[in-house]
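The following exercises concern the sheet and the charged side chains of one protein chain. Please work through each task before reading its solution.

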Amino acid sequence: MTYSQFEVTAQTSRGHVSNVTLFDYLDQARNDWYRYSILLNVEAVVVHAGLDYKKEVFDQDRITIRTELSRVGNTSLTLKQTAVNHKQELVASAEIILATIDRQSRVKTRVPDEIRNLLNQDKILNHLELTAKIN
């Protein structure tokens, strides 16, 4: 399964990181997927986000977020995200559905074959490496 990984150190002045901030971290962790889609001349936009909060996150906790491609439809793809703290405890899990749209017309379009092909591979998504392969 192709995946990306993002690491962040939580920051808050209140001691406890708000759920909205954690949701933002998950969005940041999807940046490689957004960038890769743009390289393929489509844009991936969130059409559904389901998120389960499992454990509190505190100031200066180190969080690792893994984003896996789990399903590809005709005009959408599903990403599964897990966030674990530095103690390897699950702090959140999410299912995100992205629709692919044409960048000019802003109309849904077929998921590019390059993304479909990632579903059957076991590798880390590295948008810089993939950019070189496309060009």
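**Exercise 1. Determine which residues are linked with Glu 43 in a network of salt bridges, and where the members of the pair Glu 43 and Arg 106 lie.**

Solution.

Step 1. The network of salt bridges links Glu 43, Arg 103 and Arg 106; a salt bridge is a side-chain nitrogen of Lys or Arg within 4 Å of a carboxyl oxygen of Asp or Glu. The model is a predicted one, in which local features need pLDDT of at least 70 and side-chain atom pairs count only at pLDDT 80 or more, while totals for chains, interfaces and linings use all residues. Residues are numbered from 1 along each chain as its sequence is written, and side-chain values use heavy atoms, with hydrogens and water left out.

Step 2. In the salt bridge between Glu 43 and Arg 106, the closest N and O atoms are 2.8 Å apart. This pair links distant parts of the chain, 63 residues apart: Glu 43 belongs to strand β2, and Arg 106 to the loop between β5 and α3 (113-118). Helices (H or I, at least four residues) and strands (E, at least two) are DSSP runs, numbered from the N terminus.

Step 3. Glu 43 is partly exposed, with a relative accessible area of 21%, and Arg 106 is partly exposed at 45%. The classes are buried (under 20% relative accessible area), exposed (over 50%) and partly exposed in between, with a 1.4 Å probe and protein chains only.

Step 4. The backbone of Arg 106 has a positive phi, near 65°, in a residue other than glycine. Asn 41, likewise not a glycine, has a positive phi of about 65°. Asn 41 is placed in the loop between α2 and β2 and is exposed, at 58% relative accessibility.

**Exercise 2. Describe the salt bridge of Arg 30 with Asp 27 and state whether each residue is buried or partly exposed.**

Solution.

Step 1. Side chains of opposite charge can pair when their charged atoms come close. Arg 30 and Asp 27 form such a salt bridge, with 2.9 Å from N to O.

Step 2. Because its relative accessible area is 1%, Arg 30 is classed as buried. Asp 27, with a relative accessible area of 28%, is partly exposed.

Step 3. In total, the count of salt bridges comes to 8.

**Exercise 3. Establish in what order the strands form the sheet, and which strands stand at its edges.**

Solution.

Step 1. Strands of a sheet pair through backbone hydrogen bonds, either parallel or antiparallel. Here 5 strands form an open sheet with antiparallel pairing, in the order β1-β3-β4-β5-β2; two strands pair if DSSP finds at least two bridges between them.

Step 2. β1 (3-9) and β2 (42-53) each have a single partner strand and stand at the edges, so one side of each is left without a neighbour in the sheet.

Step 3. On average, neighbouring strands of this sheet are turned by 25° against each other, direction ignored. Helix α2 (residues 31-39) packs on the sheet, where it touches β1, β2, β3, β4 and β5 (90-102), and its direction makes about 160° with that of β2. Contact means heavy atoms within 4.5 Å; axes are lines fitted to C-alpha atoms, for helices over the stretch in contact, and angles run from 0 to 180 degrees between N-to-C directions.

Step 4. β1 and β3 pair in the antiparallel sense over 7 bridges, and Thr 9 has Arg 62 as its bridge partner in β3.

**Exercise 4. Trace the pairing of β3 with β4, and find which residues Arg 66 meets.**

Solution.

Step 1. Strand β3 (residues 62-72) is joined to β4 by 8 bridges, and the two run antiparallel. They form a hairpin with 3 residues between them.

Step 2. Thr 64 stands opposite Val 84 in β4, and Arg 66 has Thr 82 as its bridge partner there.

Step 3. The side chain of Arg 66 forms a salt bridge with Glu 68, the closest N and O atoms being 2.8 Å apart. Arg 66 is partly exposed at 27% relative accessibility, and Glu 68 is partly exposed at 25%.

Step 4. The charged end of Arg 66 also sits over the ring of Tyr 3, 3.5 Å from its centre. A charge sits over a ring if NZ of Lys or CZ of Arg is within 6 Å of the ring centre and within 35 degrees of the ring normal.

Step 5. On β4 (residues 76-84), Ser 76 is buried, at 18% relative accessibility. Not counting residues up to four places away in sequence, Ser 76 touches Arg 71, Ile 97, Leu 98, Ala 99 and Val 111.
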